[in-house]
Amino acid sequence: MSSSRTDILKSLTDALGPGLCPEPKQETAPPFSHNQWERVRFMAERAGARFILAANEVEAVRALYELVEEFDVTTAGIWNHPLLEKLGVADMVDEVIRPGDPNAIERLAEAQMGITAAHGILAESGSVLVAASPNTPRATSLLPAVHVAVVPSGITVPSISMLADFIRSQSAGTMPPSAIHAITGPSSTGDIEMHVVKGVHGPVQCIIVAIDE
Amino acid sequence: MSASPFITRCSKAVADKRLQRTLASAQAVFRANRARGMKLFPHFEQHRDTACAVRMRCLENLPAILERLEERIVEASGTVHWARTGAEANAIIADIARLADVKKVVKGKSMVTEETGLNDALAAAGVEAVETDLGEYIVQLAEEPPSHIVAPAAHKDRHEVSQLFHEHLGEPVTDDIPEMTLMARRALRKKFLEADMGITGANVLVAETGSVVLVENEGNIRMSTTVPRIHVAVAGIDKAVATLDDMTALLSLLPRSCTGQALSSYTSWLTGSRRLGEEDGAHEFHLVLIDNGRSRLLSIPELRPVLSCIRCGACVNVCPVYARIGGHSYGSPYSGPMGALLAPLLAESDGKDTRDNPFAALPFACTSCGACKEVCPVRIDHTGLLQKLRERYAAAASPMPRHVARGARLIMEHPGFYRAAMNSVRRLDPELKIAQRLPKIGKTLTSWIVKRQLPRFKTPFSARWKRIKRNSGGQS
């Protein structure tokens, strides 16, 4: 439809002139600040998430075990991630759905839990930031009934305006990952009589396990 | 003057008791949520200034921004399509579906596809398109259009929804809303897993990275973009901004203005198609950029701010007219103050000029109270713009005949005439009873008072004002 393209650009240029689009900023360092756990807790809980602050990795492992027990998890989708390896998350459940599983979508839809490791945590809104890659598929934080995001220290993005630099820091040149998501609490709806229901198409529970060390 | 279709729809809505209750409570909840969210957001005014400046700057530089956007999307293995009209957009999307042998489509909520009538076009092409936003799903089952930009089924109560689920899904009747939500989840999960294509709108398009930004609470948009093999995003050209910083300036305000959330449950930045080695996300990504009257609107500098709207719905939730007539009365997917601006202006591109514009009556359905302007995150002056549109469509839709308007103007412009007119009316005909029997003037007055209350001239306003002030305990 190149003629439509030409037509639209022509009528825009006639109306506005050619315009300017600034050159993109170069790749930046992640805009990470000191941990702001209390702010994250307040905003995440306001959005209906659970926030667990573990003093160290040992405590985080204990918290994860407790969650696996609480939700009777037998099958969980788990990212390939050094932090999750280190915590031994895969050993906590009977059956693990790994990235690369040929039936990932169908299997994750039946799994009780998806466990991810956040790429960032946004203090202003209490959101977990995750980026897609072959080792960190999108569906792990979407299809299972419960999403647990493990959040290490030192990846706090203070404000929504700093998301711009966060996205740049995740990009190769000007190209971001195929998908970045800011996850703020469980999925929810208010579409019937404005009555809020948690858990629609995404997880019913969103749980943040933060490690403060 | 016979009642226009717009007036007929309004009268029907106003007479519908159930609708009146549902609308009032929806507005109240939206307003309370927004107020709670804003309490936690200290620099609203500065953010508004920034967002307003960002929107205007991006609109003014749109050609360069759109070209950069296209370049980046192509780099990320996506395809960009340009559509001059809604019909062209529908044809493009039907073509994408045909070429990829798509039979089933899941859709995220998208006002622009309501604008183009995409679902009908897909049905005609033999493609099943299922709305997956809960509210949209409900109105699709009911075969109705959405009535609110954020809560499409705001006009339906739980009993009506349960009845629909009973008829269409065979579910038992219930008044339990979480139970109904679960029914929809079950029905739609199946649709997501079967679908070949997901169609979404876009809240923002970022030229710097070629990213589509999608904001949602339910997860249906993430499902529609994660599971099917093709993702088609459809957006008006006005959605494009230059940089990631422009995008965050809008994102800081969008959910807060809408639901009071700092961010919605899911904000997604999607860039191109899935990369090598990835197991989910669409293999094929398409962006359909729609003009449909927007470039024409941008050529009128005084009306340009209309397109800076980020579709948060805040104005809809404070509008006293929307509160009474609901979304369907507008006859357009865009309702409330932004709808009264957008609907007629976008329709002008269909060759409908100011005289036969089907939405010409909408700008007159405004009390000029200015509540919309006060909440607008990008500082759109709805009231001022609506007044400009009233001038624009005066010939087509003004409820006031030309000779009366001319007379009124003469009186209003000259204090002497005004005083003389008021004094004589007060003495001779304070209830305007004689005036209604006069030829010409009488007919106008009678048709005017069908929907309105006539002013009372018995006591001068200055005297009444004193009494009002006294009765309200001295507070003005």
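A salt bridge, as the term is used on this tour, is a side-chain nitrogen of Lys or Arg that lies within 4 Å of a carboxyl oxygen of Asp or Glu. Keep that in mind as you open the model, which is a predicted one, because by this definition there are eight salt bridges between chain A and chain B.

**Stop 1: one salt bridge**

Select Arg256(B) together with Glu124(A), and you will find their side chains joined in a salt bridge, with 2.8 Å from N to O. Beyond the salt bridges, the two chains also share 40 residue pairs in polar contact, counting pairs in which both residues have a pLDDT of 80 or more.

**Stop 2: the side of chain A that touches chain B**

Now colour the elements of chain A that each supply at least two residues to the side touching chain B, namely α1 (2–16), α2 (37–46), α5 (104–110), α6 (163–170), β9 (179–183) and β10 (188–189). Among these, α1(A) gives the largest share, with eleven residues. Sorted by kind, the residues on this side of chain A are 41 nonpolar, 23 polar and twelve charged.

Widen the selection to both partners, and 76 residues of chain A are in contact with 98 residues of chain B. The size of an interface is often given as the accessible area lost when the parts come together. Here chain A and chain B bury about 7,200 Å² between them, and 60% of that area is on carbon and sulfur atoms.

**Stop 3: strands that pair across the chains**

Select β9(A) and then strand β9 of chain B, residues 266–271, which run antiparallel and are joined by five bridges. Which residue of β9(B) is the bridge partner of Ile183(A)? The partner is Tyr266(B).

**Stop 4: inside chain B**

Move to helix α5 of chain B, residues 86–99, and pick out Asn90(B). Is Asn90(B) buried or exposed? Asn90(B) counts as buried because its relative accessible area is 7%, and the cut-off for buried is under 20%. Leaving aside neighbours within four places in sequence, Asn90(B) is in contact with Thr116(B), Gly117(B), Leu118(B) and Ala121(B).

Next select helix α19 of chain B, residues 382–392, whose buried residues include His382(B), Thr383(B) and Leu389(B). The buried residues of α19(B) pack against α15 (314–318), α17 (336–347) and α18 (371–375) of chain B.

**Stop 5: chain A as a whole**

Finally, show chain A alone, with its six helices and twelve strands. Of its 213 residues, 57% count as buried.

Terms used
Residues are numbered from 1 along each chain as its sequence is written. Chains are lettered from A and ligands numbered from 1 in the order in which they are written. This is a predicted model: local features need pLDDT of at least 70, side-chain atom pairs count only at pLDDT 80 or more; totals for chains, interfaces and linings use all residues. Side-chain values use heavy atoms; hydrogens and water are left out. Contact means heavy atoms within 4.5 Å. Buried area is the accessible area (1.4 Å probe) that two parts lose on being put together, summed over both. A polar contact is a pair of N or O atoms within 3.5 Å; within protein, one must be able to donate a hydrogen and the other to accept it, and residues adjacent in sequence count only if both atoms are side-chain atoms. Helices (H or I, at least four residues) and strands (E, at least two) are DSSP runs, numbered from the N terminus. Ala, Val, Leu, Ile, Met, Phe, Trp, Tyr, Cys and Pro count as nonpolar, Asp, Glu, Lys and Arg as charged, and the others, Gly among them, as polar. Two strands pair if DSSP finds at least two bridges between them. Buried means under 20% relative accessible area, exposed over 50%, partly exposed in between (1.4 Å probe, protein chains only).
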